[in-house]
Every structure is written in C-alpha cells, then in structure tokens.
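Student: Got a minute to go through this one with me? I'd like to start with a helix.
Tutor: Sure, pull it up.
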Amino acid sequence: MKNISKIVESKTAYILILPAVVFILLFSIIPIGESLRYAFFDFQLNDQAKSGLYINANYNIALYDETAFYIRSFLDMEEEVVTKDETKLQIDAIRNMLDEYDQYMLNNISSPDMASVVSVNNEKLAYVTKIRDNIMSSLEKLYSFDEPFVCEEDMFAVASELDTAIISSNFSGLNNFKSVLTDTRVHSTVGFTLIFTFISVFFELCFGMALALIMNKALKGRGIIRTVSLIPWAIPTAVAALIWSYLYNGSSGIISHLFAWLKIIPEPTELLLSSTGSLWAIILADVWKTTPYMALLLLAGLQTIPHSLYESSSLDGATKLQQFGSVTLPLLKPSIFVALLFRTLDAFRVFDLIYVLTGGGPGGTTESVSIYAYKVMFAQTRFGYGSAVVLVMALTVGLITFAYIKLLNVKLIND
Amino acid sequence: MKKVLSILLTVIMILALVTGCGSQPTTQSQQPSEQPSPSKDAESPSAPAEKTKLTFAVQADSTDALNQLIAAFNDSSELYTVETVVMTNDSGNMHDQLLNSLSSKSGEYDVISMDVVWAGEFAAAGYLQPIDELLAAKGWKVTDFNAGSMASGKYKGKNYVLPYFPDLGFLFYRSDIVSSEDAQKLESGNYTWADLLAMAEKYKGQGGTKYGHVYQSGQYEGLVCNLNEFTANWTDVKGGLEVMNQFTKSDVTPKDILVYTEGETHNAFLNGESVFARNWPYMNGMAASGEYTVKGNQVGFAPLPGGGTVGGWILGINANAKNKAGAEEFLAFIAGPEGQKINATVGSYLPGFNALLTDADVLAKNALLTNQGFSNALAKTIARPVVANYSEISDQIQIKAHEYLSGNGQLDSAADTISGLLK
C-alpha cells in the first residue's frame with residue numbers, strides 16, 4: 001500500500017504533464033511528421049498514379065475496367081465503317097484479347113472488397129505491363145490498315161490510360177528537396193521574403209522604439225495615446241490590406257497620387273505595377289500595421305527597468321542620451337531580442353497582406369514563400385513538393401533564429 | 001462561491017444531457033408527417049416510402065433559375081429528390097473546397113458544377129465519372145451540346161462533363177459613337193487587333209469617353225482568357241503579347257489597365273468612360289437594366305479578332321457518388337432540353353443544349369441570341385488548354401505575361417516560356 005502511494009507520488013509530475021504531452025503530440029508532432037512523410041514522395045492529386053503514398057507497386061483495376069469498356073465501344077464504332085476482312089479479323093482479335101485479360105484480372109488481381117487500387121507483386125506487375133504493351137501494339141496494327149477509321153485519336157488517348165493504371169512506387173527520397181533547392185521560383189521568393197523581412201522589421205524596430213518611449217513617459221492622456229496607437233494592429237490584416245490597396249490604386253488612390261505629386265514615384269500606377277514600387281508599398285503597409293505590436297513588446301520591457309537606475313545615473317551627471325545608451329538599451333536587450341525574433345519569424349511567414357494587396361504581382365516579383373507554398377499545395381495540389389517547400393522554409397526560420405541568438409548573444413532560457 | 005459555481009455547472013450539464021436525448025424522439029415524431037399521404041400510397045404501392053436524396057454542389061444563382069430547376073426535377077422524378085449545397089462564390093476557394101472533398105473519396109456531392117478549367121484536373125485525378133454511357137443511353141451526341149464546353153471536359157478520349165451554362169468573351173462597343181460602317185466591319189469579325197487599336201484611337205474622347213478600349217489584364221485568370229484571344233488560341237504567342245503590349249502602352253487604355261478585372265471593365269464601360277470593352281455576356285444584362293449611364297440601346301456586340309474564350313460552368317458526376325444512377329438522371333435533366341430551357345428562360349443564361357438556340361421562348365428571353373454580332377462571336381469560340389496541371393500552367397502564364405506587360409520582363413523570355421508550357 002505504501003509502495004503504491006510512493007509510486008503515485010513519484011510519478012505525479014508525469015501524470016500532470018500527460019495532457020500537455022498528448023496535446024503537443026496530436027497538434028504539433030503528428031502533423032509535422034506527416035508533412036515530412038509527404039515530402040519524401042512524388043505526391044500530387046492531379047495524377048491518378050501519384051495521388052497516394054505508394055511504396056510498393058499497385059494496379060488501378062477500376063481504371064482498367066473503364067478503359068476496356070471504352071476500347072470495346074470504340075471497336076464497335078470502327079467495325080461499322082471498316083471494309084476489309086483482315087481489319088475485321090484484327091478487331092475480333094483485340095476483343096478476344098480483352099476477354100482473356102478481363103478473366104485474368106478477375107482471377108488474379110481483383111480483391112474481395114472490390115477496391116479500385118490493388119497492390120501487385122513483381123510477377124503480376126510484369127503481366128499487367130505485358131497487357132498494356134500487347135493492346136497498344138495490336139491497336140497500332142489495326143490502325144495501320146488503310147480504312148476510313150473514325151476514332152483513332154480517341155482510341156489511343158483512351159488506351160494510354162492502361163499506362164496510368166500501372167502505379168509504380170512514387171517514393172522519391174530526397175528528390176523533392178533537391179528540386180526545391182534548384183527551383184528558381186523558390187530562390188526568388190526566398191530572396192523577396194528576406195528583403196521584405198529585414199527592411200520592414202528594421203523600420204518597425206526604430207518606430208516601435210520611439211513609440212514605446214513616448215508611451216512610457218507619464219504624459220497627459222497617456223491612456224488615449226496607448227489605445228489609439230494600437231488601432232492599426234487591431235484591424236484584421238485582410239481588411240487593412242484591402243484599404244491599402246484602395247489607397248495605392250493607380251487611378252483613384254490618394255497615396256499613389258500624393259507620392260506622384262511629391263515626385264517620389266514617376267506615375268501614380270507605379271506603386272502597384274512596378275516591382276520596387278510594390279515592394280515598398282507592402283513594406284509601408286506592414287510597418288504601419290505592426291509597429292504598435294513592436295512598441296507593445298518594448299513597452300513591457302521598459303516598464304521592468306527600475307526607476308532608481310535613472311535617478312542614480314542623473315546624480316552622476318549623465319545626459320538623457322547617455323542614459324538611453326548605458327541604462328535603457330542594455331536592460332532592454334532581452335525585450336528587444338524577443339520582439340525582433342517574434343517579428344522576424346512573423347514577417348518571414350507573411351501571407352495575407354501580400355495576398356490581398358498584390359496577389360504576388362506584378363509578374364510574381366512580390367511573391368512570398370508562404371504564397372508560393374500555398375499555390376503549390378492547394379491550387380496545384382502538389383502535396384509532396386509543397387511539403388518540401390514548407391520544410392525548407394521552416395529550416396530557414398530556424399537558421400534566422402540561430403543567427404539572432406549568436407549575434408545578440410542572448411540566452412533564450414535562463415538556467 | 002466555488003460551490004455555487006459547481007452546482008451551476010452540474011445543472012447545465014444535466015440540462016444539456018436531457019435536451020440532447022430529448023431531441024431524438026422529436027425528430028422521429030416529425031418523420032411520419034413527411035411520408036407520402038395514404039392516397040398516394042394507394043396509387044403506387046410499390047414505390048419506396050422515401051425518395052433517395054441527391055446532392056448538387058453549385059454556386060449561388062442570383063436569378064431564380066436554379067430554384068425552379070430543382071423544383072421541376074423534384075416534381076417530375078419518382079425516385080429522387082435533389083438538395084443543393086451552395087458553395088462559396090469565390091471560384092478559387094470553391095475549387096479548393098471541392099478538391100478537399102473529392103480527394104478524400106467522399107461521396108457527399110453527387111453532381112458537381114465546375115468552372116470550365118477544372119475538368120482536366122479533376123478527370124486526370126479520377127474524380128469524375130465519364131458520361132459517354134449516359135449520352136448513348138439518352139441517344140444524344142456530343143455535337144448536341146455547346147462545343148466549347150464539351151471540349152473543356154474531354155480528357156484522354158473520354159467525355160466527363162455536360163454544359164451547365166456556357167459563357168464567352170466578346171467585344172462590346174458603343175453603337176451611338178462608332179460609325180455604322182465600322183460597326184459592320186466589327187460585327188463581321190473581319191478585322192485585326194491593329195484595326196481595333198486604330199478605331200479606339202479614332203473614337204476615344206467622343207461622347208464623353210476617356211478611354212478607347214478596356215479589358216482584363218490584372219495578374220489573375222482573366223489575363224489568361226484575354227491572352228488566349230490576343231494570341232488567337234496560342235497560335236501566335238509572341239505576336240499576341242506584342243499587340244497586347246501596344247494596347248497597354250498606348251493612351252487608349254487606362255494607365256492602370258494592368259490591374260483591370262471584370263469589375264473595373266464594366267465600371268469603365270457602363271459609366272460611359274470607354275468606347276470598347278472586352279467582357280462576358282453578364283455586362284449586357286447590366287446595361288439592359290438601365291441603372292447605369294450607358295443603356296442597353298447604346299451597346300453593340302462583335303466577335304474578337306482571335307476568337308472568344310469559353311468560360312462558364314459545366315457539370316459532372318462524382319466518381320464516388322453514393323447514387324450514380326440518380327446522379328445521371330439529374331445530370332441529364334439539367335443539361336438536357338428541359339433543364340436548359342428553364343435556365344435560359346428564367347435565368348437568361350446561354351443554353352448549352354444547341355437545339356434551344358433557335359427555340360422561340362429562349363430567343364424571347366435572350367435578346368443577345370438574335371443579335372448578328374453576338375451570333376458571329378458565338379460561332380468563333382476558343383478553349384483554354386485542357387490539362388491535368390491547369391492551375392500550375394495558368395499561374396506561370398499569368399506571371400510571365402504580366403512581368404512582360406508591366407515592363408519587368410523581356411518579350412522573348414515571356415513568349416518562349418509560355419509556348420513551352422503549352423507544349
């Protein structure tokens with residue numbers, strides 16, 4: 001009895017963290033593992049031979065049945081128009097062939113549960129490959145006769161499905177990762193995303209710091225200033241992006257006309273229709289939107305600095321600027337680090353702002369990695385390749401974090 | 001305080017349990033009332049008590065045609081009753097939503113409506129049931145239906161779709177500005193893009209207009225449709241891109257033509273800002289409504305020099321449909337003469353069943369069909385490529401073309417890439 005209670009006591013900690021472990025497993029580890037698994041296959045939905053994760057060879061028997069049905073009905077149509085006996089003999093020969101193969105499918109390949117895709121061993125794989133070759137060659141022989149055939153093109157198009165029915169393994173090892181690394185579109189999107197991330201985070205840090213210092217001062221109406229400055233951050237990104245797209249609009253946008261009048265840009269249409277114009281347009285919208293968030297993170301850090309430090313430094317005769325350099329900045333370093341890290345990771349994954357504002361245009365010059373990954377996975381349904389793109393993106397984010405830790409020399413977790 | 005809270009929670013949970021269990025008997029008690037009345041039972045004792053339910057995935061219809069279509073089918077069918085599942089009006093999202101359902105081999109939708117460019121992808125993925133057997137059973141031929149729509153649904157020798165309503169791009173012009181001589185030339189279709197550019201320059205500014213010609217040139221699917229027309233169905237990619245660039249750079253088009261979609265196009269044309277516009281038939285309905293500066297009687301129609309891109313919606317059967325026989329019956333109903341007539345007369349859609357193009361009731365509701373310029377346009381339709389990876393190809397065409405037109409890329413590189421993609 002004592003022993004049991006001892007065990008329970010010693011394991012209490014484990015029991016208590018169990019729900020959290022289950023939660024992390026369900027919502028983080030398993031999806032990431034699954035995505036990793038996809039990345040090792042040439043997995044794409046718009047091709048029946050690749051729309052699954054196949055390690056072994058398979059045969060799509062439903063597609064064979066459908067193809068055989070079509071070949072027979074095309075043969076019927078041809079039989080009505082052909083004139084020579086030898087052609088008719090060839091048509092009958094193909095029919096007999098199909099009958100024989102149907103029987104083979106029924107006896108050897110069909111599964112009792114009528115599944116449409118059945119796994120096949122090497123011997124059966126060789127046989128279905130032979131079926132494909134035999135049918136193709138006898139069709140070629142048929143159409144070599146000089147007859148007024150009516151559906152030659154359709155016949156070969158349909159017969160090509162015999163090839164689609166043979167599903168060989170689509171395990172591709174590291175090929176997806178190799179092609180991600182050589183994909184020029186990945187290069188250009190990563191390049192754009194990095195430029196966007198560093199420029200916009202730099203400005204956000206500068207403006208955010210200024211805003212935080214203002215909010216930290218005991219001014220009159222501090223509450224109002226804090227509330228008002230947070231408004232841009234509180235507006236949903238998609239809505240804000242839509243408003244900015246009206247402001248940047250080449251024919252009626254206020255900002256584009258203002259900039260053109262100030263000679264910052266040559267034409268009002270430049271903002272959304274040239275690659276540099278739209279890069280800066282996106283950065284401006286992002287800086288406007290997320291500076292308050294940066295300021296909020298820095299403000300939290302500012303408030304942890306004890307007031308006594310400022311008092312003692314001013315007694316020692318330090319100017320305001322010296323105070324900022326020797327007291328505020330060093331003590332704010334952990335907060336700056338956290339804020340920079342959060343914003344960089346966030347900016348690197350930018351999606352909604354660009355998707356609504358430019359859709360990746362003009363000519364794909366403002367396409368971020370997330371937008372490209374979304375297009376590959378959901379619009380083009382290339383899940384295997386898309387997973388590889390996303391994993392490479394995750395790796396890049398990890399590298400950026402590592403670089404920050406090294407550069408700023410901050411300990412992420414205090415021992 | 002804690003005690004009160006826990007008692008409150010317990011009470012809520014008990015209540016939830018009671019009502020949760022209680023809801024079942026109520027639904028059961030409702031069911032008998034839905035069953036056919038005794039007199040009907042006496043008439044057809046062998047008929048099943050409940051009709052089999054079919055689902056139809058479709059976008060909301062701003063007209064009453066869809067409702068009437070479903071009601072007509074439900075009244076006439078002995079065995080089936082159809083329920084519509086209204087999908088989002090954003091085509092891109094609807095595509096992703098359908099794909100999600102179809103790729104999981106779900107049979108939740110029996111009949112699905114699709115944008116013309118999705119059929120190749122869905123057919124290649126094995127999500128659609130070929131309809132050749134259905135055509136044979138009904139005694140219909142492929143040529144009985146709109147050619148462009150059928151071409152969009154033919155993949156590897158098999159037909160997978162029937163038209164729901166076809167759509168096509170064509171030229172709108174201001175008949176109160178363009179001279180009758182030029183109008184005749186346009187309507188006949190015997191003109192080139194250079195002729196159109198010259199006319200746009202000639203008439204620009206007359207009748208209070210600001211622009212000569214507007215069309216869709218933003219980086220989205222509309223650009224592919226327009227490029228299809230400029231390149232005469234991709235037969236002259238380089239020449240087409242060059243002409244499109246001439247239009248972009250000239251002062252007959254708005255400065256921001258490269259962001260134009262259908263919305264900007266109809267705003268510019270219907271507010272009297274442009275002499276010419278390339279758009280879909282819906283813009284004629286807007287002009288005819290009389291709510292805009294430009295009224296129906298100020299608008300003329302003509303084919304485009306390179307032919308008009310086919311758009312619109314097509315219908316197919318889910319390969320994993322729970323009830324294929326029912327799905328076929330419903331598909332034959334809406335795509336056949338009965339359903340298409342309702343669609344054409346109630347909703348003023350173009351009929352996809354060709355025999356209806358000369359039907360008196362349909363002509364009375366579709367003034368466009370009696371117009372010579374429009375009929376010429378209808379005879380000159382061209383389809384976008386029918387391939388399994390259409391969205392990938394379309395995406396790259398958009399990027400390359402937009403890059404060149406916006407001055408960020410070279411003509412040769414754009415033309416070579418696009419020609420390579422289409423091979």
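Tutor: A term to begin with: the expected span of a helix is 1.5 Å times one less than its number of residues. Helices (H or I, at least four residues) and strands (E, at least two) are DSSP runs, numbered from the N terminus. This is a predicted model, where local features need pLDDT of at least 70, side-chain atom pairs count only at pLDDT 80 or more, and totals for chains, interfaces and linings use all residues. Residues are numbered from 1 along each chain as its sequence is written, while chains are lettered from A and ligands numbered from 1 in the order in which they are written.

Student: OK, how far does helix H11 of chain B reach from its first C-alpha to its last?
Tutor: H11(B), residues 237-249, reaches 18 Å with its 13 residues. That is close to the 18 Å expected at 1.5 Å a residue.

Student: Which residues of H11(B) are buried?
Tutor: Val237(B), Gly240(B), Leu241(B), Val243(B), Met244(B) and Phe247(B). Buried takes 20 or more other C-beta atoms within 10 Å of a residue's own, exposed takes 12 or fewer, and partly exposed is in between, with C-beta atoms placed from the backbone.

Student: Why do they line one face?
Tutor: Seen down the axis of H11(B), the buried residues fall within an arc of 160°, so they line one face of the helix. The arc is that of the directions from the helix axis to the C-beta atoms.

Student: What do they pack against?
Tutor: In chain B, helices H9 (193-203), H10 (221-230), H18 (390-405) and H19 (411-422), plus strand E9 (211-214).

Student: Switching to domains. How is chain B divided?
Tutor: Domain 1 is 52-166 + 312-376, and domain 2 is 168-310 + 382-422. The bounds come from an automatic or database domain assignment. Over C-alpha atoms, the centres of the two domains of chain B are 28 Å apart.

Student: How many residues does each domain of chain B give to the contact?
Tutor: Domain 1 of chain B gives 22 and domain 2 of chain B gives 19. Two residues are in contact if their C-beta atoms, placed from the backbone, lie within 7 Å. On the domain 1 side, helices H5 (119-124), H7 (147-152) and H17 (372-378) and strand E5 (154-155) of chain B each supply at least two residues.

Student: And chain A, where are its domains?
Tutor: Domain 1 of chain A covers 58-167 and domain 2 covers 183-381. Their centres, again over C-alpha atoms, are separated by 62 Å.

Student: What is the fold of chain A made of, in helices and strands?
Tutor: Chain A has 18 helices and three strands. Its radius of gyration is 33 Å, well over the 22 Å that the globule rule gives for 415 residues, so chain A is more spread out than a compact globule. That radius is taken over C-alpha atoms, and the rule is 2.2 Å times the number of residues to the power 0.38. The C-alpha atoms fill a box of roughly 115 × 85 × 35 Å along the principal axes.

Student: How much of each chain is buried?
Tutor: Buried residues make up 33% of the 415 in chain A. For chain B, they make up 49% of the 423.

Student: Last one. How many residues of chain A are in contact with chain B?
Tutor: 33 residues of chain A are in contact with 29 of chain B. On the chain A side, H5(A) gives the most, with four residues.
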